[in-house]
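Colleague: Please pick one part of this chain and go through it closely. After that, place it against the rest of the chain.

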Amino acid sequence: MGERQSLLLIEADQPSRDFVRQSLVRQGFSVTLAQSGLEGIGQFAPGLFMLVVTDLHLPDMGGLEVLRKIKQASPETPVVVLASNSEVSDVVQALRLGASDYLLKPIEDEAVIEHAVSRITDAQKMARENRDYREALERRNRELRDHVEVLQRDQEAGRLLQQHLLPRTPYQYPAGIEAAYRLVPSLFLSGDFIDYGLFGERFVAFYLVDVSGHGVSSALVTALIKHSIMHLLRERPLFTHLDTLHDDLLDILQTINRELLSTRLDKHATMFVGAIDSRARKLHYAVAGQVPTPALVTNQGAEWLPGKGRPLGLFERGNWQVLEATLPSSWSLVACSDGVLELFSGDLLEREQELLSAINASRGDLDSLCSALHVDTSEPLPDDVTILTLRQS
């Protein structure tokens, strides 16, 4: 039996002392005896006894004073007082001073003692368990905070990496072509990505990709797509000849499709990829499951460009088609991720119509369109929102 299961019994009356001691010993406790208040206080030390039983009527000092000194020395140590029926007022005072229970003398039934002690030990056990649970919870909370801090640092690093991979905006190309974008993630990182670049002095190529899901995993896939396209560019020149322009666009889609299928990350993506032939004023483009399709804004208004093809990362063959659109002297091309449609209400056709009306009203100007759609609001967005514009005037 450990030290915390020792009891201190302070009782001057021998018959009562022997009866209580024998009962406690039979319950499995180690009992230390004291026959006076001074002797009991002298033997007491915090943490030495799990319970103190003291008579209120002691020869040298009152039991209430013993109780008071024990509580001053160790407030958590439970104390049970022994009292006669004539000491009821002292019992009330003892309970006010912090006594855990009382037993009325003469005690003739051991069950009364066992019940009082068991109630106290059960309460102590529950208090220890609650303390252990609280400490375990605080420990887990500290671990969770540490993990969150690590995750925040990782996300910050990922955000910086993603921003570093994005092109400058706006950017002016020869022939007065301007490319610009707005990318607002719903979380810390975005599953959307765009890129554009000049090839030779004739072709401006670009793409907008929307990876399924949100957060870190989707953002990492956008980095993978960027890397795959750059790797393809290192392997062979792209967008250098008009005759191979369609093959170049299809090569990009096929490459990304293979990469996503091989990673087995359960990620797929939609994509709009194209190239503007500034010399021939013609847009060559392909759509891989992109909704909404890009909108072309001319003096006649805004209209959706046709296009169909399967998303990337789901099928071996995407049935993608490269289409062409003749560009007037003044035009704007607007491509949006599907998160933009979440800014509207209604069914898909109604949302697309409202978006087209907003694009038409903005005349394809990025800032005007973002302002009309409240893209730059501080309110959380339901999905990643990305708008890519190319224009020539």
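Modeller: The answer below starts with one sheet, moves to the core beside it, and then takes up the other parts of the chain. The model is predicted, with local features requiring pLDDT of at least 70 and side-chain atom pairs pLDDT 80 or more, while totals for chains, interfaces and linings use all residues. Residues are numbered from 1 along each chain as its sequence is written, and side-chain values use heavy atoms, without hydrogens and water.

The part I have picked is an open sheet of 5 strands, ordered S8-S9-S10-S11-S14 with antiparallel pairing. Helices (H or I, at least four residues) and strands (E, at least two) are DSSP runs numbered from the N terminus, and two strands pair if DSSP finds at least two bridges between them. Strand S8 (192-199) and strand S14 (322-326) are the edge strands, each pairing on one side only. From one strand to the next, the twist averages 15°; axes are lines fitted to C-alpha atoms, for helices over the stretch in contact, and angles run from 0 to 180 degrees between N-to-C directions.

At the S8 edge, 8 bridges join S8 to strand S9 (residues 203-211), and the two run antiparallel. Within this pair, Tyr 196 stands opposite Phe 206 in S9. In a regular strand, side chains alternate between the two faces of the sheet. Helix H6 (residues 215-235) lies across S8, S9 and strand S10 (269-277), and runs at about 150° to S9.

S9 also matters for the core: it gives 8 residues to the largest nonpolar core, the most of any element. That core has 54 residues, and Phe 239 and Met 271 have the most contacts inside it. Such a core is a set of buried Ala, Val, Leu, Ile, Met, Phe, Trp, Tyr and Cys residues joined through side-chain atoms within 4.5 Å. Buried means under 20% relative accessible area, exposed over 50%, and partly exposed in between, with a 1.4 Å probe and protein chains only. Leaving out residues up to four places away in sequence, Met 271 touches (heavy atoms within 4.5 Å) a list that includes Tyr 207, Leu 208, Val 209, Ile 229, Ile 252, Leu 253, Ile 256 and Leu 312. Phe 239 sits in the loop between H6 and helix H7 (245-263). Its relative accessibility is 3%, so Phe 239 counts as buried. Phe 239 also has a positive phi, near 55°, although the residue is not glycine.

Asn 319 likewise has a phi near 55°. Asn 319 is placed in the loop between S13 and S14, and at 53% relative accessibility it counts as exposed.

The chain has another open sheet, of 6 strands in the order S6-S7-S16-S15-S12-S13, again with antiparallel pairing. Here strand S6 (171-173) and strand S13 (301-304) have a single partner strand each, so one side of each is left without a neighbour in the sheet. Direction ignored, neighbouring strands of this sheet are turned by 20° against each other on average. Helix H8 (residues 348-362) packs on this sheet, where it touches strand S12 (295-298), S13 and strand S15 (331-336), and its direction makes about 145° with that of S13. S6 pairs with strand S7 (residues 177-184) in the antiparallel sense over 3 bridges; Tyr 173 has Ile 177 in S7 as its bridge partner. Just before S6, a cis peptide bond joins Thr 169 and Pro 170, with omega about -10°, and Pro 170 is in the loop between H5 and S6.

Between S7 and S8, the loop holds Ser 186. Ser 186 touches His 214, Leu 381, Pro 382, Asp 383 and Asp 384, again without residues up to four places away in sequence.

Towards the start of the chain, strand S1 (residues 6-10) and strand S2 (residues 30-34) pair in the parallel sense over 5 bridges. In that pair, the bridge partner of Ile 10 is Ala 34 in S2. Another cis peptide bond joins Lys 105 and Pro 106, with omega about 0°; Pro 106 lies in the loop between strand S5 (101-105) and helix H5 (110-165).
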